[in-house]
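Trainee: Please take me through one buried spot in this model and what surrounds it. Keep it close-up first, then step back.

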Amino acid sequence: MRLVSQLGGISAFFSFVVGMRLYTANSTARLRTIQVVKIRLWQVLLVALFAYGIARGNSPTGAGKELIALWFFSTLWITGIDDEIWTVATKSLTVVFYVAAVLIFLTTDIVAPVTTEAGTADADYQFIGSRRTNTLAFQFRPLISSGIFLGIWGMLHRGGKGWKVLQVVAFFVAFAIQVGLFKFRSSSGMFALLILSFIILRPLFDSRRRIVLTASLAATSAVGAIAFCFTESGRQLLFRFLDPEGHPILGSRFDEIKVYFKQVGIEAFIGRGLGGYFDAREAIKKESAAQWLTLHFGILVFSLKGGVAMLCLFVSILMAAIRIRPKSWFANPCNLTAVVYFPVLIVQFMTVPFGLSPDSLLSYFPPMLVLSRFGGTDQRG
């Protein structure tokens with residue numbers, strides 16, 4: 001099980017990349033010219049930042065992992081424009097999701113071993129806390145990150161009923177695991193935001209009126225939200241909003257930002273290259289934060305790696321979503337899913353750290369797949 005937890009994400013990543021590579025040449029023809037230019041600039045910049053990181057003395061291993069991760073983003077921006085990729089990928093994500101969910105429920109009480117360069121040993125502590133972050137189950141958590149995306153895709157695409165049911169149910173299973181099992185209470189906001197986006201945005205762009213579906217979803221969500229407020233997790237989350245000074249929601253993130261600009265200074269404009277880090281111990285309060293590779297305000301990690309150039313390039317790819325399109329464009333379920341998912345995407349990029357390593361890339365498969373749709377032509381296909 002430990003072997004699966006370590007290699008599962010990497011194996012899935014490489015299988016996806018090999019399959020997607022077959023479509024790359026044909027996909028670029030359906031991308032807007034400006035999008036192709038942005039993607040090529042991104043790839044050239046990655047090579048330059050890798051060389052820059054090595055020249056600065058950054059870890060070659062760390063720089064290489066980040067090169068793989070960030071190159072993977074650009075691969076998806078190209079291939080995700082093909083509807084066939086969505087059909088195949090969402091089915092694969094569904095299978096991976098349920099396999100991981102079963103493994104999580106089977107390993108919630110198994111303390112995970114700690115693997116270091118010196119070897120593998122038992123965890124430093126056997127006590128399993130409320131979030132179970134030291135368990136084997138937690139190691140499988142990245143493999144269920146597609147649950148929110150699968151839920152919205154299942155409600156919007158036209159496909160086999162079996163897959164649709166599994167994908168919609170995945171949304172609720174992901175909520176039960178993330179919020180109920182691992183106690184990431186703030187994640188409930190992501191699920192709520194997606195439901196709200198579906199109720200508000202879908203009717204604006206979808207020519208088909210799904211009144212029964214929308215009303216049922218709204219009623220079910222309202223009942224679920226009320227029930228959640230009466231749980232211990234719900235009360236604790238509500239208390240953090242009502243008492244922001246004693247329990248600030250984003251307090252630690254703001255502390256991290258202050259330390260970041262204090263440590264990095266003017267280098268935030270040019271970046272520290274791939275594999276670059278800063279000393280975040282003052283904010284994180286852990287010795288392991290001495291070489292902090294990311295930021296909890298996720299999108300700022302691009303300034304750490306590549307300065308203003310990389311940050312602005314990523315934002316320009318992100319902001320392609322706000323371009324006005326003909327109504328026929330929204331008739332494609334891939335495009336409509338991207339539009340409904342977009343508000344969640346913004347919140348994720350702003351408040352969730354990017355884990356730039358190959359074994360976490362399955363988490364970024366849905367977001368980058370979504371971004372690919374905004375770079376295509378305005379044709380419906």
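Mentor: Helices here are DSSP runs (H or I, at least four residues), strands are runs of E (at least two), and both are numbered from the N terminus. This is a predicted model, so local features need pLDDT of at least 70 and side-chain atom pairs count only at pLDDT 80 or more, while totals for chains, interfaces and linings use all residues. Residues are numbered from 1 along each chain as its sequence is written, and side-chain values use heavy atoms, with hydrogens and water left out.

Start at Ile-144. It sits in the loop between helix 6 (136–139) and helix 7 (147–156). Its relative accessible area is 1%, so Ile-144 is buried (under 20%; exposed is over 50%, partly exposed in between, with a 1.4 Å probe and protein chains only). Now its contacts (heavy atoms within 4.5 Å). Beyond its neighbours within four places in sequence, Ile-144 touches Phe-97, Ala-100, Ala-101, Ile-104, Ala-174, Ile-177 and Gln-178.

Several of those partners recur where two helices meet. Phe-97, Ala-101 and Ile-104 are among the helix 5 residues in the contact with helix 8. Ala-174 and Ile-177 are among those on the helix 8 side. Helix 5 also brings Thr-90, Lys-91, Thr-94, Val-95, Tyr-98 and Phe-105. From helix 8 come Trp-163, Leu-166, Gln-167, Val-169, Ala-170, Val-173 and Leu-181 as well. The residues of this contact split into 14 nonpolar, three polar and one charged (Ala, Val, Leu, Ile, Met, Phe, Trp, Tyr, Cys and Pro are nonpolar; Asp, Glu, Lys and Arg are charged; the others, Gly among them, are polar).

Now the geometry of that pair. Helix 5 spans residues 83–106 and helix 8 spans 161–181. Their axes come within 10 Å and cross at roughly 40° (lines fitted to C-alpha atoms over the stretch in contact, angles from 0 to 180 degrees between N-to-C directions). The two helices are therefore oblique to each other (neither under 35 degrees, over 145, nor 65 to 115).

Back to Ile-144. Its C-alpha atom is 9.7 Å from that of Phe-171, which lies 27 residues away along the chain. Phe-171 comes up again among the ring pairs.

The model has 28 aromatic pairs (Phe, Tyr or six-membered Trp rings with centres within 6.5 Å; planes under 30 degrees apart are stacked, over 60 edge-to-face, the rest tilted). One of them, Trp-77 with Phe-314, is tilted, at 6.3 Å centre to centre and 45° between the planes. This pair links distant parts of the chain: Trp-77 is in helix 4 (residues 60–79), Phe-314 is in helix 14 (residues 301–318), and they are 237 residues apart. Both Trp-77 and Phe-314 are buried. Phe-171 and Phe-172 are paired edge-to-face, because their centres are 5.3 Å apart and their planes are at 80°. Phe-171 is buried, at 8% relative accessible area. Phe-172 is partly exposed, at 43%. Trp-77 and Phe-314 also belong to a cluster linked by ring pairs, together with Trp-42, Phe-73, Phe-302, Phe-349, Phe-354 and Tyr-364.

Step back to the whole chain. It has 16 helices and two strands. Of its 381 residues, 47% are buried. Among contacts between residues at least 6 apart in sequence, 74% join residues at least 24 apart.
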